[in-house]
Amino acid sequence: MTDDRDLALALLRWQVEMGADEAIGDVPVNRLAAPPAPPPQAAEPRAAAVPPVRTPQALPLEPVQESVSTARRIAQGCKSLEELRDALARFDLCPLRATATNLVLADGNPDSGLMFIGEAPGADEDRQGLPFVGASGKLLDRMLAAIGRDRTSAYITNTIFWRPPGNRTPTSLESELCVPFLERHIELVRPKLLVLLGKQAATVVLESAEGITRLRGKWKTYARNSLDLPVMPTYHPAYLLRNPPAKREAWRDFLDVRNRLESISSV
Ligand code: URA
């Protein structure tokens, strides 16, 4: 018995060392078990046993739209950042919540005038419940320092508020369910300027299908919910870690952001 337990623990430790950082299912799967027996033949004539045909779109559409409407109603009802956090902590329609350790909403100073939007929390963020605290976050902190800011003079959030398992790209359903909260978040913070970090943030916030390489470095406008904000899309720090030569362009974008903020503040 002890031998089995020690062996299981050793296997688990080995998997952790090899980089496995989560269990994918709630229930263990016995892959050595015999396959289940086929279901018994239906007694009814074949035509009666076939369920009515529904198109692939017809199946998920209604519940998805209902869930998105619910998300919008809840988000719109939030009158403060505290209420938004409480509402998200209770919101259970986004499947990501079930696999995440923590809700990751925001870090920094909401009154700073400068709001950064990334993609989604990774493993470090999930553990700590704060955005951009891992390797990308360290680079973001250095980029902030380069324009004379830190987390007391910038506000940081993501388009998605729970970690997608294995850091996969969020699905469109997950994005759609988070968008109402993100929009309300921007509305409640009312920054002077938005910076979008990477393609996911640019796609969601600008509703643009263009790639980040084309979008970056060009001022856009966020005109929703009675706001009219300048927006700078730029590269995601994770991309910059993989492609250091692109830091030169990101640096230019950050300088533009600093200059624009100075000109807004001096008006
Ligand atoms: N990448 C993101 O987009 N957001 C985080 O919070 C961390 C990494």
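Is Asn-225 buried, exposed or partly exposed? In this predicted model, Asn-225 counts as partly exposed, because its relative accessibility is 29%, a value that falls between the 20% limit for buried residues and the 50% limit for exposed ones.

## The hairpin of strand 5 and strand 6

Asn-225 is found in the loop that leads from strand 5 (220–222) to strand 6 (229–234). The two strands form a hairpin with 6 residues between them, and within that hairpin Asn-225 takes a positive phi near 50°, although the residue is not a glycine. The strands themselves run antiparallel and are joined by 3 bridges, with Thr-221 standing opposite Pro-230 of strand 6.

While Asn-225 in the loop is partly exposed, strand 6 is mostly covered, since 6 of its 6 residues are buried. Leu-229, Val-231 and Pro-233 point to one side of strand 6, and Pro-230, Met-232 and Thr-234 point to the other, with residues of both sets buried.

## Parallel pairing around strand 2 and strand 4

Strand 6 also pairs with strand 4 (residues 193–197), here in the parallel sense and over 4 bridges; in this pairing, Val-231 of strand 6 is the bridge partner of Leu-194. Strand 4 is in turn joined to strand 2 by 4 bridges, again with the two strands running parallel, and Leu-194 of strand 4 is the residue that Met-115 stands opposite. Leu-194 therefore has a place in both pairings, with Met-115 as its counterpart in one and Val-231 as its partner in the other, an arrangement that rests on strands being counted as paired when at least two bridges are found between them.

Strand 2 is further joined to strand 3 (residues 155–158) by 4 bridges, and these strands, too, run parallel. In this pairing Phe-116 stands opposite Ile-156 of strand 3. Strand 2 (residues 114–118) is largely enclosed by the rest of the structure, because 5 of its 5 residues are buried. Leu-114, Phe-116 and Gly-118 point one way from the strand, whereas Met-115 and Ile-117 point the other way, and burial holds for both groups.

## The ligand and its surroundings

The ligand sits in the largest pocket. Its surroundings consist of Gly-118, Glu-119, Ala-120, Pro-121, Glu-125, Pro-131, Phe-132, Asn-158 and His-236. Among these, Gly-118 belongs to the residues of strand 2 that are buried, and Asn-158 falls within the range of strand 3 (residues 155–158).

Three of the neighbouring residues can be described through particular atom pairs. A backbone N or O atom of Glu-119 lies 2.7 Å from an oxygen atom of the ligand, and a backbone N or O atom of Phe-132 lies 2.9 Å from an oxygen atom of the ligand. From Asn-158, by contrast, it is an N or O atom of the side chain that is placed 2.8 Å from a nitrogen atom of the ligand. Of the 240 Å² of accessible area that the ligand has on its own, the protein covers 91%.

Phe-132 has its place in the loop between helix 6 (123–128) and helix 7 (135–146). Its phi is near 50°, a positive value in a residue other than glycine. Phe-132 counts as buried because its relative accessibility is 5%, which lies under the 20% limit.

## Side-chain contacts and the loops after strand 3 and helix 9

Thr-159 lies in the loop between strand 3 and helix 8 (172–189), and its relative accessibility of 2% means that it counts as buried. The side chain of Thr-159 is joined to that of Gln-200 by a polar contact of 3.3 Å. A second polar contact, of 2.8 Å, is made between the side chains of His-185 and Tyr-155. His-185 lies in helix 8 and is buried, with a relative accessible area of 0%.

Gln-200 also provides a reference point for Gly-211, since the two residues are 11 residues apart in sequence and 9.4 Å apart in space, taken from C-alpha to C-alpha. Gly-211 is placed in the loop between helix 9 (199–206) and helix 10 (212–215). At 30% relative accessibility, Gly-211 counts as partly exposed.

Methods. Residues are numbered from 1 along each chain as its sequence is written. This is a predicted model: local features need pLDDT of at least 70, side-chain atom pairs count only at pLDDT 80 or more; totals for chains, interfaces and linings use all residues. Side-chain values use heavy atoms; hydrogens and water are left out. Buried means under 20% relative accessible area, exposed over 50%, partly exposed in between (1.4 Å probe, protein chains only). A residue is near a molecule or strand if one of its heavy atoms lies within 4 Å of it. A polar contact is a pair of N or O atoms within 3.5 Å; within protein, one must be able to donate a hydrogen and the other to accept it, and residues adjacent in sequence count only if both atoms are side-chain atoms. Accessible areas come from the Shrake-Rupley method with a 1.4 Å probe; for residues, only the protein chains shown count as cover. On a 1 Å grid over the protein atoms alone, a cavity is a set of points where a 1.4 Å probe fits but cannot get out, and a pocket is an open set with protein on both sides within 12 Å along at least five of seven lines; lining residues have an atom within 4 Å of a point. A molecule sits in a cavity or pocket if more than half of its atoms lie within 2 Å of its grid points.
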